[in-house]
Number of protein chains: 2
Amino acid sequence: MKKAATIRDVAAHAGVSVSVVSRVLNGTGPVAPVKRAQVLDAIEELAYRPRAAARELSQGRSETIGLLLADLTNPFFARLADRVVAEARSRDLQILLMTTQEDPHLEGQALDTLLDRSVGGMIGTPTGHNTARWEKLAALDIPVVFVDRAVRELDSVDVVSIENVDSAAAATRHLLERGHTRIGIVSGPLDTTTGVERVQGYEQALREHGVERDDRLVRPAPFRGDRGAEVVAQMLALDDPPTGLVVANTAQVRVVLRMLAQARIAIPDDLSLVVFDDNPWTELIRPPLTAVRQPIDMLALHSVELVHARMRQKLPPAPRRVRVAAEFVERSSTARI
Amino acid sequence: MKKAATIRDVAAHAGVSVSVVSRVLNGTGPVAPVKRAQVLDAIEELAYRPRAAARELSQGRSETIGLLLADLTNPFFARLADRVVAEARSRDLQILLMTTQEDPHLEGQALDTLLDRSVGGMIGTPTGHNTARWEKLAALDIPVVFVDRAVRELDSVDVVSIENVDSAAAATRHLLERGHTRIGIVSGPLDTTTGVERVQGYEQALREHGVERDDRLVRPAPFRGDRGAEVVAQMLALDDPPTGLVVANTAQVRVVLRMLAQARIAIPDDLSLVVFDDNPWTELIRPPLTAVRQPIDMLALHSVELVHARMRQKLPPAPRRVRVAAEFVERSSTARI
DNA sequence: TTGTAGGCGTTATCAG
DNA sequence: CTGATAACGCCTACAA
């Protein structure tokens, strides 16, 4: 088993210098058509493949982009990863995957190692607690794109997300238009952009319909754990419990559903339900859930496209905020009051 | 913005040579306690982090392992990825993620780029069609571990999977013990080990109970597409349709469930159902599904541990086959006939 | 125990 | 157009 061919082997085999080979490889600089052909032949024959590490070392930057997601257990992030990988491949970018598990400490570690790898760019769902490190990446001229959510302090980085305000407003409006006035919302933590923006949309819809906001019906829940269930249970225990509920925290819909089932709350008879993110199983359960469908392929497409463009310096420096519309999918978990 | 410190900067700052720094970094070779402290200080002060690319180039191998999964859209693989990432982190290994989408062509591409990256190891779910390339990896002394499924031709690579035969037998037995004799099975393609082994388990259980195998009830389906649904529809259209069904192809349970719902087949009244892989939503749907639960964390643990050990040459050359038991979870989708 | 120097595979600069 | 040759940052004999 002889070791893999290097650029020098190719050069020798083709009877040219390494520079020529490098040039045909990267299309940088001129090469005589004849020699080009020879080089191509040699490459073919030796099954030569440039070593990524050497390339990185030499140019100080790589074609690898770090993907730092919260949690692959959440189908939303899993499908996002799937699409990001696909988009990356079509651009010859590699994906280095890490997860934060919504833990700032883990996020910190991940960012550090990403730094070592001198990745060419980053796509991530920030926990909101490592602003210094994120800034460092940016300071090192490593393009960063936040997807799904952002960090308010970091207003110089690109963000790709859905229209959170509009989506939440639409979900709430759907309930209002069906006669509900007692509408609860379980959002994400209020120090995340998704958390606050979705509550804003909810409030906006309420305002439109002249319904007063009741603090007891607006409850944030962390992304991890079962808090979402508790919070809903508390709402339901009120003297005047909600008749409609928006679960805007994707990570909590499962636990909420489980609690509702255990408590034998009939949907939509006892409670009308709209959830954020339309999973493959959302239509499988009984009743099929009305949901806000996030266009995950678009989120992935724009994220990858954005880092890619930045890596190629093909974009003006001003931070980009891409917001794509989400689709409202009406099924059977909501009913007229 | 000054550029990141290199090993030379550290050496200078600590008043030693680079080799000393390298030695304290990698614990290779002796270092005087005093100097070690100085070096550590310098590292701290300069916030030095070794460049992964340089290290790779110099030693010809990296601490990055390639993870080549079929499809992150399948919750089984998504959760597997999640655990693999976690296990990898605790061993300071990085994960380069790629997907095959069950497409041999994409798998081939992925393997090629993995080769360029000179990854230190690989964990993957092979499609079964790129044996040459897989062998090439092995020939290059890159440890390969197949997880979940294997390729029969490649019997020299490590494999981590559940006890497929036993699991399928248990699932089938469960049905038999409840009086079913007409039992269908939707397996994976028969050129995959999971596909054949689960059918073997099914047959074994049948044999135990003296039930004859009916070819029309044993139908493989590809991992992609909706074939599983068609195949079940065909079984159900028989003169003597099955009263029990095992969906052993994780990728097909969703479409089968959808079809069953549309056809208004009552479960378990019309049909008793056991599915492979216990997702978070398996207990959310109506009725909650009886399932074979794959211990995903164990699969991940062993896979990572195995590549890691091989990378460190800490294992005898003989290929390892780790098979972990799966758990049978009885819920409400199966009933006595 | 320490330091020097050569090599890892590419890219890039700069004379021919 | 082409070809030496110097980086790139780290590891590792080998010498001291």
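Which residues lie nearest the centre of the largest cavity? I shall begin there, and I note at the outset that this is a predicted model.

A search of the whole structure finds two cavities of 30 Å³ or more. The largest holds about 100 Å³ of space. Its lining comprises 15 residues, and those nearest its centre are D148(B), T194(B), R198(B), F223(B) and T250(B). As for the secondary structure around this space, helix 5, residues 75-90, and helix 9, residues 193-208, both of chain B, each supply at least two residues of the lining. Helix 9 of chain B gives the most, with three residues. Sorted by class, the lining of the largest cavity has seven polar, five nonpolar and three charged residues.

The second largest cavity contains about 30 Å³ of space. Its lining is drawn from chain A: P126(A), T127(A) and G128(A), then R149(A), A150(A) and V151(A), and lastly D191(A) and T192(A). By class, that lining has three nonpolar, three polar and two charged residues.

I turn now to the sheets. In general, the strands of a sheet pair through backbone hydrogen bonds, either parallel or antiparallel. How many strands make up the open sheet that has strands of chain A and chain B in its order? There are twelve, and the pairing is mixed. Reading across, the chain A part runs 11, 5, 4, 3, 1, 2, and the order then continues in chain B as 2, 1, 3, 4, 5, 11. Strand 2 of chain A is thus followed in the order by strand 2 of chain B. The edges are formed by strand 11 of chain A and strand 11 of chain B, residues 321-324 in each case, and each of these pairs on one side only. On average, neighbouring strands of this sheet are turned by 20 degrees against each other, direction ignored.

Within that sheet, one pairing can be followed in detail. Strand 1 of chain A, residues 64-69, and strand 2 of chain A, residues 94-99, run parallel and are joined by six bridges. One residue pair to look for on the model is G66(A), whose bridge partner in strand 2 of chain A is L96(A).

A further open sheet, of six strands, belongs to chain A, with the order 7-6-8-9-10-12 and mixed pairing. Here the edge strands are strand 7, residues 218-220, and strand 12, residues 327-329, each pairing on one side only. The average turn between neighbouring strands of this sheet is 15 degrees, direction again ignored. At one end of the order, strand 10 of chain A, residues 290-293, runs antiparallel to strand 12 of chain A, and three bridges join them. In this pairing, V292(A) stands opposite F328(A).

Next, the domain division of chain A. Domain 1 covers residues 1-48 and domain 2 covers residues 164-293. How many Å separate the centres of these two domains? Taken over C-alpha atoms, the separation is 61 Å.

There is also a record annotation at the start of this chain. An unreviewed UniProt entry places the feature "domain: HTH lacI-type" at residues 5-59 of chain A. In the model, the chain over residues 5-59 is 71% helix and 0% strand, and the end C-alpha atoms of this stretch are 21 Å apart.

Finally, some backbone details in chain B. Which residue pairs with a cis peptide bond should be noted? One such bond joins I267(B) and P268(B), with omega about 5 degrees. P268(B) is placed in the loop between helix 11, residues 253-262, and strand 9, residues 272-276, of chain B. That loop also contains R264(B). Phi of R264(B) is near 55 degrees, a positive value in a residue other than glycine. Another cis peptide bond runs from R286(B) to P287(B), with omega near -10 degrees. P287(B) sits in the loop between strand 9 and strand 10, residues 290-293, of chain B.

Conventions: Residues are numbered from 1 along each chain as its sequence is written. Chains are lettered from A and ligands numbered from 1 in the order in which they are written. This is a predicted model: local features need pLDDT of at least 70, side-chain atom pairs count only at pLDDT 80 or more; totals for chains, interfaces and linings use all residues. Side-chain values use heavy atoms; hydrogens and water are left out. Two strands pair if DSSP finds at least two bridges between them. Axes are lines fitted to C-alpha atoms, for helices over the stretch in contact, and angles run from 0 to 180 degrees between N-to-C directions. Domain bounds come from an automatic or database domain assignment. On a 1 Å grid over the protein atoms alone, a cavity is a set of points where a 1.4 Å probe fits but cannot get out, and a pocket is an open set with protein on both sides within 12 Å along at least five of seven lines; lining residues have an atom within 4 Å of a point. Grid points are joined across faces, edges and corners, and a volume is the space filled by probe spheres set on the points. Ala, Val, Leu, Ile, Met, Phe, Trp, Tyr, Cys and Pro count as nonpolar, Asp, Glu, Lys and Arg as charged, and the others, Gly among them, as polar. UniProt positions are given in the numbering used here, feature names are shortened, and annotations may be inferred rather than shown by experiment.
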